[in-house]
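Got your viewer open? Let's take a walk through this model, one selection at a time.

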Amino acid sequence: MKKQIVIGLMIASLAILGVACSESTESNVNANANTGNTAATTTTAPDNSEVTTTTDNAGVKTQTRTFRNNPRVSRVVVTTRNGVRTVKVYSPSGEERELNKNEPEDWLEATGDHIADAAGWTKDKAETAYDKTKEGAKTVADKTVDVSKTVADKTVDTSKKVGRKTASGAKTVANKTTNAAKKTGNAIKKVVVP
């Protein structure tokens, strides 16, 4: 009797398991049929970004441009359905804005700053201060280079003058030494020759 109960329970368990597996397989097939996206293609885009393009079975083309490190824009999604194009831009915080679809602008090629400006997102004060500090540092560096060049040029000019004066002084000393030696030689001749 125990064997019959155990066998009955095993048969019932297998039947339930078989039905569950069958339903799971059907739902996976239906889910895959509904998505219908072809393989995604990814290409490199300007401004440290990349564009992933997909087209579903209904012919809807979706191009998603993802920025790797833009502080104002995280991604742009261009969707073309029945010849009508919509463009949505997303900030790093997740805010979404729709861009003017009548503009002929190619949002998949524009700079991140241009896209953020078109979306109406202004630079925050910290970023603006950073940009101004960067410009100031470049100006200081440029002026330092200019001053260094001026100092180097003056040093070279002064060195040339010192070199000329030293050479001139050495010639004068050599001439005076030669003259003194000649006078000494003449004096010796006078003493030796009576």
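Keep in mind that you're looking at a predicted model. Start by selecting residues 75-81, strand S4, together with residues 84-90, strand S5: these two pair in the antiparallel sense, with seven bridges between them. Want a pair to click on? Pick Thr79, and you'll find its bridge partner, Thr86, in S5. Now slide to the turn of this hairpin, where two residues sit between the strands and Asn82 has a positive phi near 55 degrees.

Next, add residues 96-99, which make up strand S6. S5 and S6 run antiparallel and are joined by four bridges. Try Val87 here: its bridge partner in S6 is Leu99. S5 and S6 make a hairpin too, with five residues between them, and in that turn Gly94 shows a positive phi of about 100 degrees.

Time to hop to another part of the sheet. Select strand S2 (residues 49-55) and strand S3 (residues 61-67), an antiparallel pair with seven bridges. Glu50 has Thr66 of S3 as its bridge partner.

Now zoom out. Which order do the six strands take? It's S1-S2-S3-S4-S5-S6, in an open sheet with antiparallel pairing. S1 (41-45) and S6 are at the edges with a single partner strand each, so each has one side without a neighbour in the sheet. On average, neighbouring strands are turned by 20 degrees against each other, ignoring direction.

Last stop: select residues 112-119, helix H2. This helix lies across S3, S4, S5 and S6, and runs at about 90 degrees to S6.

How values were computed. Residues are numbered from 1 along each chain as its sequence is written. This is a predicted model: local features need pLDDT of at least 70, side-chain atom pairs count only at pLDDT 80 or more; totals for chains, interfaces and linings use all residues. Side-chain values use heavy atoms; hydrogens and water are left out. Two strands pair if DSSP finds at least two bridges between them. Axes are lines fitted to C-alpha atoms, for helices over the stretch in contact, and angles run from 0 to 180 degrees between N-to-C directions. Contact means heavy atoms within 4.5 Å.
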